[in-house]
Amino acid sequence: TDFDSKKKRKVTEIFQALNSDPIDVAALRRMAISEGGLLTDEIRCKVWPKLLSVNTDDLPPLPAGKELREDNKDYQQVLLDVRRSLRRFPPGMPDDQREGLQEELIDIILHVLKRNPQLHYYQGYHDIVVTFLLVVGDRLATALVEKLSTHHLRDFMDPTMDNTKHILNYLMPIIDQVNPEVHDFMQSAEVGTIFALSWLITWFGHVLSDFRHVVRLYDFFLACHPLMPIYFAAVIVLYREQEVLDCECDMASVHHLLSQIPQDLPYETLISRAGDLFVQFPPSELAREAAQQQAERTAASTFKDFELASVQQRPDTVLRQRFRERLRGEERTKSILTKPRTNRFVKLAVMGLTVALGAAALAVVKSALEWAPKFELQIFP
């Protein structure tokens, strides 16, 4: 069939990239992102280390579990989380095999934390580690997870949640760029972004029940900028536009709807949309709005009345209303990738409010980019 021949061709291209000298990492990234991802776990074992530039010839031996567990401040919490992780193992796996893997899982986590005292364990971290363990085995998983923890997951492993919240603050600006109606509905419902927290910090490992979908997303995220999971979260919300707008406009209802993730999502379509949105609205462009979200959440927002009064004075709100009235007369394109309105007026009006915030936000993005793979935008074919 056509699909099989495409698959064969892709496997050939992956091995060509792996065997070229030097290894063609850009091609491997493209393969990981494009339809079907890396296809098999056998290929993932070879490609994931290249995407994270981990040298597989020089893997350190794993220390014995006993010495890791003694005097480890995280041991009890890790143990509890791993014990609860039954559903992350393939159904029908024999108990003794699963229990053996759970022991390995505890050791990998404690090993990475011990070697990197600057990293703090968080609940959900084990959901990421177990994915690597099941795909590549314990020794390679340890090396990959350590690299990932000091790079892509670094913000989640701070002593506080501040950086994680900052990343969540990118969600609404992305939604606003694509679909202001959904954005405004969510703002009116005051739903916030906490519904997407477990998606983000487990790379969706915790919320998707089919392991194939999880590893497909890991192919994609490992090949991309560290903020890509938040674009993917935005794309899921946008995909559910109708359900969201049909929902009662209150926090509990919208939160409940959004936190139940549908299992039959069209993953390939959503992956390519997330990639497109990243190219159209790169993080540096959204940084100012993300910082503004942060500002709006602080002091002023605790005074509902004060906030309402100040909203009337915000130039961007007034401009937006005028702009919307004009748009109602025109047929608005519903396509997810066309910008339903121009943001220039709003941006100019908000500039004055956010110049101070913008500098801080750009600093954050710059630090994010310092450890991001240096391949920027040419990855999307």
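A salt bridge here is a side-chain nitrogen of Lys or Arg within 4 Å of a carboxyl oxygen of Asp or Glu. I start my notes with that, since my first lookup was a pair that meets the cut-off.

**Entry 1: Glu 146 and Arg 115**

I am working on a predicted model. I looked up Glu 146 and found its side chain in a salt bridge with that of Arg 115, at 3.1 Å from N to O. Glu 146 belongs to helix H8 (residues 138-150) and Arg 115 to helix H6, so this pair ties together parts that are 31 residues apart in sequence. I then checked how open each partner is. Glu 146 is buried, at 13% relative accessible area, while Arg 115 is partly exposed at 47%. I also followed shared partners and came upon one network of salt bridges that joins Asp 41, Arg 44 and Asp 219.

**Entry 2: how far to trust the model**

I checked confidence next. The protein chain has a mean pLDDT of 80, and 76% of its residues reach 70 or more. Where does pLDDT stay under 50? I noted residues 298-319, for which the model has 16 contacts beyond four places in sequence. I also noted residues 328-381, for which the model has 93 such contacts. I will keep both stretches in mind when I browse the structure.

**Entry 3: the other salt bridges I opened**

I searched the whole structure and got 15 salt bridges. My reminder to myself is that side chains of opposite charge can pair when their charged atoms come close.

I opened Asp 95 and Arg 98, whose side chains meet at 3.2 Å, N to O. They sit three residues apart in helix H6 (residues 95-115), so about one helical turn separates them. Asp 95 is partly exposed, with a relative accessible area of 49%. Arg 98 counts as buried, at 15% relative accessibility.

I also opened Asp 81 and Arg 84, which form a salt bridge at 2.6 Å, N to O. Is Asp 81 buried or exposed? I found Asp 81 buried, with a relative accessible area of 2%. Arg 84 is exposed, at 55%.

**Entry 4: the two sides of helix H5**

Asp 81 led me to helix H5. Which residues of H5 (residues 75-83) are buried? I listed Tyr 75, Val 78, Leu 79, Asp 81 and Val 82. These buried residues cover an arc of only 170 degrees around the axis, which puts them on the same side of H5. I turned to the other side of H5 and found Gln 76 and Arg 83 exposed. So the acid of my Asp 81–Arg 84 salt bridge is one of the buried residues of this helix.

**Entry 5: cysteines**

My last search was for disulfides, and the whole structure gave zero. A disulfide is a covalent bond between the sulfur atoms of two cysteines. I looked up Cys 247, which is in no disulfide; its nearest cysteine sulfur is that of Cys 249, 8.3 Å away. Coming from the other end, I found that the sulfur of Cys 249 has its closest cysteine sulfur in Cys 247, and the 8.3 Å between them is too far for a bond. The cut-off I applied is 2.5 Å between the sulfur atoms. Cys 247 is buried, with a relative accessible area of 17%, whereas Cys 249 is partly exposed at 38%.

Notes. Residues numbered from 1 in each chain as written. Heavy atoms only, no water. pLDDT = per-residue confidence, 0-100. Contact = heavy atoms within 4.5 Å. Buried < 20%, exposed > 50% of the residue type's maximum accessible area, 1.4 Å probe, protein only. Helix = DSSP H or I, 4+ residues; strand = E, 2+ residues; numbered from the N terminus. Arc of directions from axis to C-beta.
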